[in-house]
Amino acid sequence: MSVDRVEEVENAESRTVTTAVAATAAVHYYSVAPGYRLNVRRGPGTQYGIVRVLPEGAQVAIYCQTPGTSVVGPYGTSNIWDNIANGEFVSDAYVLTGSDGYVASRCG
């Protein structure tokens with residue numbers, strides 16, 4: 001993550017505003033398959049504990065993707081897991097990304 005400094009002039013006074021700028025492109029949101037409540041896990045596989053359950057109609061931001069347990073879902077069979085928050089993963093087989101492959105960078 002990089003930090004940019006922005007100079008703003010307001011009422012003849014100058015102040016510096018610091019903003020965080022993500023190192024990657026804009027985050028995209030994707031819909032979870034209709035009619036499904038989706039388990040969010042601690043890691044990229046069904047052997048990891050469930051952190052929470054997303055409600056029907058949820059949308060998720062995918063920050064990065066990584067291989068893991070193969071899962072059969074409404075969008076086919078996939079071993080791709082989507083990182084939707086720090087330490088939170090969902091199977092890509094339940095997320096409408098429009099692709100059978102990776103749509104985000106690999107988690108590092």
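Of the 108 residues in this protein, 31% count as buried. The model is a predicted one. Its accessible surface comes to about 6700 Å², and carbon and sulfur atoms account for 49% of that area. With the whole chain in view, colour by secondary structure: ten strands and zero helices should appear, in the pattern β-β-β-β-β-β-β-β-β-β along the sequence. Among contacts between residues at least 6 apart in sequence, 41% join residues at least 24 apart.

**Stop 1: the nonpolar core**

Select Val-32, Leu-38, Leu-54, Val-60, Ile-84, Val-90 and Val-95. Within the largest nonpolar core, which has 16 residues, these touch the most other members. Strand S3 (29-32), S4, S8 and S9 are the elements that give two or more residues to this core. In soluble globular proteins, nonpolar side chains tend to be buried together.

Now centre the view on Ile-84. Which residues does Ile-84 touch, leaving aside those up to four places away in sequence? They are Val-40, Arg-52, Leu-54, Val-60, Ala-61, Tyr-63 and Val-90.

**Stop 2: strands S7 and S8**

Select residues 64-73 and 76-85, which are strands S7 and S8. The two run antiparallel and are joined by seven bridges. They form a hairpin with two residues between them. To see the register, display Pro-67, which stands opposite Ile-80 in S8.

**Stop 3: strand S9**

Extend the selection to residues 88-91, strand S9. S8 and S9 run antiparallel, with four bridges joining them. Asn-83 provides a point of reference, since Asn-83 stands opposite Phe-89 in S9. This hairpin also has two residues between its strands, and Gly-87 there takes a positive phi near 75°.

Next, show the side chains of S9. In a regular strand the side chains alternate between the two faces of the sheet. Are the residues on the faces of S9 buried or exposed? Glu-88 and Val-90 on one side, and Phe-89 and Ser-91 on the other, are all buried, and both faces of the strand are thus covered.

**Stop 4: the salt bridge**

Keep Glu-88 on screen and add Arg-52. The structure holds one salt bridge, and these two residues form it, with their closest N and O atoms 2.7 Å apart. Because Arg-52 lies in strand S5 and Glu-88 in strand S9, the pair ties together parts that are 36 residues apart in sequence. Colouring by accessibility sets the partners apart: Glu-88 is buried, with a relative accessible area of 13%, whereas Arg-52 counts as partly exposed at 37%.

**Stop 5: Arg-42**

Move to Arg-42, in the loop between strand S4 (38-41) and strand S5 (50-54). At 57% relative accessibility, Arg-42 counts as exposed. Display its contacts, not counting residues up to four places away in sequence: Arg-42 touches Tyr-48, Gly-49, Val-51, Gly-87 and Phe-89. One of these, Gly-87, is the residue with the positive phi in the hairpin of S8 and S9. Arg-42 and Gly-87 are 45 residues apart in sequence, yet their C-alpha atoms are 5.3 Å apart in space.

**Stop 6: the three-stranded sheet**

Select S6, S3 and S10. In that order they make an open sheet of three strands with antiparallel pairing. Strand S6 (59-61) and S10 stand at the edges with a single partner strand each, so one side of each is left without a neighbour in the sheet. Three bridges join S3 to S6. To locate one of the pairings, highlight Tyr-29, whose bridge partner in S6 is Ala-61. Ala-61 is also among the residues that Ile-84 touches.

**Stop 7: the disulfide**

Finish by selecting the two cysteines, Cys-64 and Cys-107. The structure holds one disulfide, which joins these residues at an S to S distance of 2.0 Å. The pair links distant parts of the chain, 43 residues apart, with Cys-64 in strand S7 and Cys-107 in the segment after strand S10 (95-96). Rotate the view to look along the S-S bond: the link is right-handed, with 95° about that bond. How does burial compare at its two ends? Cys-64 is buried, with a relative accessible area of 13%, while Cys-107 is partly exposed at 26%.

Terms used. Residues numbered from 1 in each chain as written. Predicted model: local features only at pLDDT ≥ 70, side-chain atom pairs only at ≥ 80, totals over all residues. Heavy atoms only, no water. Buried < 20%, exposed > 50% of the residue type's maximum accessible area, 1.4 Å probe, protein only. Contact = heavy atoms within 4.5 Å. Salt bridge = Lys/Arg side-chain N within 4 Å of Asp/Glu carboxyl O. Pairing = 2+ DSSP bridges. Areas by Shrake-Rupley, 256 points an atom, 1.4 Å probe, with all protein chains shown as cover. Core = buried A, V, L, I, M, F, W, Y, C linked by side-chain atoms within 4.5 Å. Disulfide = S-S within 2.5 Å.
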